[in-house]
Amino acid sequence: MAFNNGVPATGTGLIASFGEMLIDFVPTVSGVSLAEAPGFLKAPGGAPANVAIAVARLGGKAAFVGKLGDDEFGHMLAGILKENGVRSDGITFDQGARTALAFVTLRADGEREFMFYRNPSADMLLQPEELNLELIRSAKVFHYGSISLIVEPCRSAHLKAMEVAKEAGCLLSYDPNLRLPLWPSADEARKQILSIWEKADLIKVSDVELEFLTGSDKIDDASALSLWHPNLKLLLVTLGENGSRYYTKSFKGSVDAFHVNTVDTTGAGDSFVGALLSKIVDDQSILEDEPRLRDVLKFANACGAITTTKKGAIPALPEEEDALKLIKGA
């Protein structure tokens, strides 16, 4: 069933998102350093959690799998997932560790600087035996990042969850979401991010991540295709205001961005991924059908664009009609 402008209906299959959820503390004033900020507002975040909420906001079925601190912030975050219609039966709480915090400042150019408090935070302590395997097996899509690969025991939990999802026939979706300050070194980040590369069916990288992973400063087809692997169904490169590029076994191309008044880029990539996954979860043949894939990517670009028009990720994630309106008006 197709909706407006060829955008398919949001699917009913479950999308399970694995990884970290944390609280971003954002300065009350934009364009200042963390030290200069007069005060901070708390904003729930964490890429995998943002993706889950993005899916639910578009009317899809989402679950979040991860660990939070058994503290006020952890219970607040679990409450936000529930309020947004995300299944929370994949969440565990750690008695001894705190929910992760990040201080994020928007520089004058709209880009972000991060300072993290995790030593260790609850999300890093998720153990393989704490995973809700039934939930993971019941998903159609299993989505994850790379922050959960940094330390044990979370790394083992991540690998176990991926393995169970793969065996159950889930589509594996990977957005590395590079946060260099969290890794011991850039080399280690590159090595670990690529260590699970071949397992994914769908990979989304930003232009910055493409440069980081390939070691090339060229954002072109050759550079992107150097990241291709034989099991991959779709490779996406997001280019901010320049839209996105897509690569499959049989075709490649680009989809233009929507021009909006950008306030804060936080969560735009997660919104893009959530939108894409929500539209292909029930019908993966879209990945092999260029015209239909282009319609879905246009919709995903619209969702990403809308997310940049408000501060914070979760408050800015759009509903279906917002994105369709933007597509229609463009």
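This passage describes a four-stranded sheet and the cavities of a predicted model. Local features need pLDDT of at least 70 and side-chain atom pairs pLDDT 80 or more, while totals for chains, interfaces and linings use all residues. Residues are numbered from 1 along each chain as its sequence is written, and side-chain values use heavy atoms, with hydrogens and water left out.

The open sheet has the strand order β3-β2-β6-β7 with mixed pairing; strands (E, at least two residues) and helices (H or I, at least four) are DSSP runs numbered from the N terminus, and a pair needs at least two DSSP bridges. At the edges, β3 (40-45) and β7 (112-117) each pair on one side only. Strands β2 (residues 22-27) and β6 (residues 101-106) run parallel and are joined by three bridges, and Phe 25 has Phe 103 of β6 as its bridge partner. Helix α2 (residues 72-83) packs on the sheet and touches β2, β3 and β6, its direction making about 95 degrees with that of β2. Contact here means heavy atoms within 4.5 Å, and angles, from 0 to 180 degrees, are taken between N-to-C directions of lines fitted to C-alpha atoms, for helices over the stretch in contact.

Where does the sheet meet the cavities? Two cavities of 30 Å³ or more are present, a cavity being a set of points on a 1 Å grid over the protein atoms alone where a 1.4 Å probe fits but cannot get out, with lining residues having an atom within 4 Å of a point. Volume is the space filled by probe spheres set on the points, which are joined across faces, edges and corners. The largest cavity, of about 80 Å³, takes three lining residues from β6, the most of any contributor.

Methods. On a 1 Å grid over the protein atoms alone, a cavity is a set of points where a 1.4 Å probe fits but cannot get out, and a pocket is an open set with protein on both sides within 12 Å along at least five of seven lines; lining residues have an atom within 4 Å of a point.
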